[in-house]
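Colleague: I'm new to reading structures, and I'd like to know where the labels come from. Can we go through some of them together?

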Amino acid sequence: MAKNKMELDIKFMKQVLKLAEKAYGYTSPNPLVGCIITKNNKIIGKGYHKKAGLPHAEIEALKSCKEDPMGGTLYVNLEPCVHYGKTPPCTDAIIKAGIKKVVIAQKDPNPIVNGKGIEKLKQHNIEVVSGILEEEAKKLNEKFNKFISKQSPFIGIKIAMTLDAKIADTKGYSKWITNEKARAYAHYIRAGYDAIITGTNTIKKDNPLYTVRYYKGKNPYRIILSHSCDFDENLKIFNIDDGKTIIMTDNNNISKKFNAEYIFIKSLKNPDDIIEALYNKGISSALVEAGERLSAFFIQNNLVDKLYFFYGNSILGPGKSPFDLLNKRKLNNSIKLKQVEFKTFEDNLLVEGKL
């Protein structure tokens with residue numbers, strides 16, 4: 001019987017995680033949360049948190065119920081909140097609805113919750129089961145988990161390169177290394193981050209938009225780290241009217257002539273200053289899409305949580321490598337990826353892993 005109950009819990013929690021994913025890219029700085037309510041092992045209600053400021057998943061699920069949820073079981077991938085924010089506590093709504101059992105994937109790392117929601121439910125004689133598909137739930141909300149527990153943004157780096165690890169030919173030409181399907185998936189990744197970080201040279205040379213075009217999602221902030229700020233005003237990034245272009249600089253003598261927000265920090269050479277500025281802006285995650293110099297800076301200073309290496313199907317030979325500026329290492333102390341995953345896009349490959 002216990003095994004059958006566990007199998008049932010896993011079955012419903014998988015559906016909860018799929019529901020949560022529907023809001024991918026829209027809930028930051030809140031987590032992705034889905035919820036299902038069952039009665040007699042049949043789903044009677046479901047919902048997910050659609051956007052920061054809107055009702056939480058538990059409230060959406062309770063509102064959607066086709067019958068009275070009293071005596072039912074509620075499945076949710078993150079511990080229900082117990083505090084007042086932009087919305088009332090979900091624990092109160094669960095208790096009021098007469099739910100008899102709550103199944104949770106992950107405890108909320110937010111210090112103002114972190115077990116208090118579970119404790120309150122238990123105090124009202126509600127059975128609580130936690131840790132069902134916990135690792136899958138933690139991966140889903142890896143950006144939120146770090147931001148809320150470490151008070152620091154989650155940092156990713158995306159690099160597109162040839163099979164022999166070149167990001168451009170000897171003349172700096174790089175379009176296109178990967179195919180359309182790989183580039184579309186790169187936009188999916190981009191949509192899940194609050195911001196893109198890039199540097200002066202990339203903006204000048206590639207004239208990128210850094211918007212989400214091949215996936216239905218919101219545009220991230222576009223943050224240019226630059227001391228000189230000697231850009232052409234006609235660059236694409238300064239002609240997007242969504243208020244999301246930011247110049248982060250340590251140069252107090254520049255004139256604010258570009259269509260951008262300016263963030264002044266003490267030093268662009270100090271990684272702590274950059275990370276602090278991102279956190280103060282409320283950016284919970286940022287994806288570095290830049291040249292070898294800036295990518296190496298983030299890796300060398302241990303700022304990176306996740307790497308996305310897209311490989312096209314070509315071999316270039318001489319060309320520009322994204323890794324030449326990293327400190328020299330021996331094989332026994334080389335940088336190693338963890339939790340490595342592979343995805344293919346016809347003849348292209350993505351290697352994704354955590355540092």
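Modeller: Let's start right after helix α10: there sits Asn-302, whose phi is positive, near 55°. Keep in mind that this is a predicted model.

Colleague: Which residues of α10 are buried, and what covers them?

Modeller: In α10 (residues 292–300), the buried ones are Leu-294, Ser-295, Ala-296, Phe-297, Phe-298 and Ile-299. Their cover includes the strands β6, β7, β8, β11 and β12, along with helix α9.

Colleague: OK, on to rings. Why is the pair Tyr-24 and Tyr-188 called stacked?

Modeller: A pair of aromatic rings is described by the distance of the centres and the angle of the planes. Ring centres have to lie within 6.5 Å to pair, and planes under 30 degrees apart count as stacked. For Tyr-24 and Tyr-188 the centres are 4.3 Å apart and the planes are at 15°, so the pair is stacked. These two are 164 residues apart, with Tyr-24 in the loop between α1 and β1 and Tyr-188 in helix α7.

Colleague: And what makes Tyr-185 and Phe-345 tilted?

Modeller: Their planes are at 40°, which is neither under 30 nor over 60, so the pair is tilted. The centres are 5.2 Å apart. Tyr-185 is also in helix α7, while Phe-345 belongs to strand β13. Both pairs feed into one aromatic cluster, formed by Tyr-24, Tyr-185, Tyr-188, Tyr-215, Phe-310 and Phe-345.

Colleague: Is Tyr-24 buried or exposed, and how do you know?

Modeller: Buried means under 20% relative accessible area. Tyr-24 has 14%, so it counts as buried. Tyr-188 has 22%, so that one counts as partly exposed.

Colleague: Why is Asn-207 called partly exposed?

Modeller: Its relative accessible area is 23%, and partly exposed runs between 20% and 50%, so the label fits. Asn-207 lies in the loop between α8 and β8, and its side chain reaches the backbone nitrogen of Lys-236 at 2.9 Å.

Colleague: How do you know that Arg-213 sits over the ring of Tyr-214?

Modeller: The charge has to be within 6 Å of the ring centre and within 35 degrees of the ring normal. Arg-213 lies over the face of Tyr-214 at 5.5 Å from the ring centre. Lys-244 does likewise with Tyr-221, at 5.6 Å.

Colleague: Last one: what makes β2 and β5 edge strands?

Modeller: The open sheet has the order β2-β1-β3-β4-β5. β2 and β5 each have a single partner strand, so one side of each is left without a neighbour in the sheet.

Conventions
Residues numbered from 1 in each chain as written. Predicted model: local features only at pLDDT ≥ 70, side-chain atom pairs only at ≥ 80, totals over all residues. Heavy atoms only, no water. Helix = DSSP H or I, 4+ residues; strand = E, 2+ residues; numbered from the N terminus. Buried < 20%, exposed > 50% of the residue type's maximum accessible area, 1.4 Å probe, protein only. Polar contact = N/O pair within 3.5 Å; in protein donor to acceptor, adjacent residues only side chain to side chain. Contact = heavy atoms within 4.5 Å. Pairing = 2+ DSSP bridges. Phe/Tyr/Trp six-rings, centres within 6.5 Å; stacked < 30°, edge-to-face > 60°.
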